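Welcome, and please open your viewer. We will go from one selection to the next, and at each stop you will read what is there.

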Amino acid sequence: MSKKLIVANWKMHFTTGQASLFLQKLAEQVPNYRDVEVVLCPNFIALQSLSLQINHRQFKLGAQNCYDKDEGAFTGEVAASMLRGLVHYVIVGHSERRHIFGETDKTIAQKVQAVLRNQMKPILCIGETKQERVDDETSQVIHEQISAGLANVTSEEISDLVIAYEPVWAVGSDDADSAQDVEKVVSLIRKNIKAMFGNEAAEQVQILYGGSVDGANCGPYIHAAGVDGLLVGGASLKAKSFAAIIYAAHAAVRYNV
Ligand code: PGA
């Protein structure tokens with residue numbers, strides 16, 4: 001089993017001071033595993049100070065969003081070019097961005113481009129709503145979000161791309177998808193990537209599951225076929241729970257348990 005990627009999405013939680021204290025606590029509980037890449041995504045203003053505090057071999061940093069233009073009169077926005085050098089990853093198209101802030105597949109595609117252009121790795125979030133799942137539209141939604149979100153990406157860039165499958169109804173709901181269903185959608189995602197970019201790209205693209213994962217239920221997702229890691233919201237705000245997820249990922253790679 002290859003290296004796992006565990007991403008903490010802290011959303012709009014933690015002031016800069018709280019983020020710093022949390023990082024200190026987490027660093028004490030998480031050894032530096034070489035088989036797990038742990039990425040912390042705090043709010044924008046905490047990034048600079050965390051970047052000075054962090055042990056970069058233990059944790060990497062990510063941003064939760066960015067704007068697609070490199071500079072200009074865009075009040076309130078943070079450009080991907082401003083994150084360059086500060087973070088390794090940028091979450092793009094999270095369901096909260098799509099549904100609360102009205103981001104469209106077109107905007108999301110431009111953000112993916114901006115992140116790649118600035119030498120960082122986009123974590124493109126995709127997933128169906130409850131109604132779409134009930135109406136048996138998951139495959140269609142996944143297909144549309146991938147083809148639109150990755151328009152203009154080249155097959156060479158796929159090795160820098162992470163896709164997070166996050167069914168909208170499973171995010172922040174205590175209603176995680178089943179590992180069997182996750183496997184099915186992940187295989188569908190690889191099929192879509194294969195059709196767009198070829199075999200090698202389909203094997204290379206890293207795919208995460210996210211949606212109500214915690215320290216207690218993470219095992220089956222970490223072991224699910226084709227799943228390279230997890231995107232964690234609520235449980236990433238609790239050091240003990242997040243450390244348990246990281247340990248589970250390490251144990252899966254190292255001992256296959
Ligand atoms: P959750 O959030 O783990 O709280 O469901 C996941 C996410 O929003 O990425």
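**First stop: two crossing helices**

Helix 5 and helix 7 are oblique to each other. To see this, select residues 105–117 for helix 5 and residues 138–149 for helix 7: their axes come within 8 Å and cross at roughly 45 degrees. Why does that count as oblique? Angles under 35 degrees count as roughly parallel and those from 65 to 115 as roughly perpendicular, so an angle of roughly 45 degrees belongs to the oblique group. Now show the side chains where the helices touch. Helix 5 brings Asp105, Ala109 and Val112 to the contact, while helix 7 brings Glu144, Gln145, Ala148 and Gly149. Keep in mind as you look around that this is a predicted model.

**Second stop: the barrel**

Next, colour the strands. Eight of them close into a barrel, in the order 1-2-3-4-5-6-7-8, with parallel pairing. From one strand to the next, the twist averages 25 degrees.

Where do strand 1 and strand 8 meet? Select residues 4–9 for strand 1 and residues 229–232 for strand 8; these two run parallel and are joined by four bridges. For one pairing, pick valine 7 and look across to strand 8, where its bridge partner is leucine 231.

Stay here and add residues 239–255, which form helix 11. This helix lies across strand 1, strand 2 (36–41) and strand 8, and it runs at about 170 degrees to strand 1.

**Third stop: the ligand**

Now select the ligand and the 13 residues around it. Which of them come nearest? They are Lys11, His94, Glu166, Gly172 and Ser212.

Try these distances in your viewer:

- From a polar side-chain atom of lysine 11 to an oxygen atom of the ligand: 2.7 Å.
- From a polar side-chain atom of histidine 94 to an oxygen atom of the ligand: 2.6 Å.
- From a polar backbone atom of glycine 172 to an oxygen atom of the ligand: 2.6 Å.

Taken alone, the ligand exposes 280 Å², and the protein buries 96% of that.

**Last stop: two loops**

Finish with phenylalanine 14, in the loop between strand 1 and helix 1 (16–29). Its phi is positive, about 75 degrees, although phenylalanine 14 is not a glycine.

Then move to asparagine 152, in the loop between helix 7 and strand 6 (162–165). Asparagine 152 is another residue other than glycine with a positive phi, near 75 degrees.

How values were computed
Residues numbered from 1 in each chain as written. Predicted model: local features only at pLDDT ≥ 70, side-chain atom pairs only at ≥ 80, totals over all residues. Heavy atoms only, no water. Pairing = 2+ DSSP bridges. Axes fitted to C-alpha atoms, helices over the stretch in contact; angles between N-to-C directions. Contact = heavy atoms within 4.5 Å. Near = heavy atom within 4 Å. Polar contact = N/O pair within 3.5 Å; in protein donor to acceptor, adjacent residues only side chain to side chain. Areas by Shrake-Rupley, 256 points an atom, 1.4 Å probe, with all protein chains shown as cover. Parallel < 35°, antiparallel > 145°, perpendicular 65-115°, else oblique.
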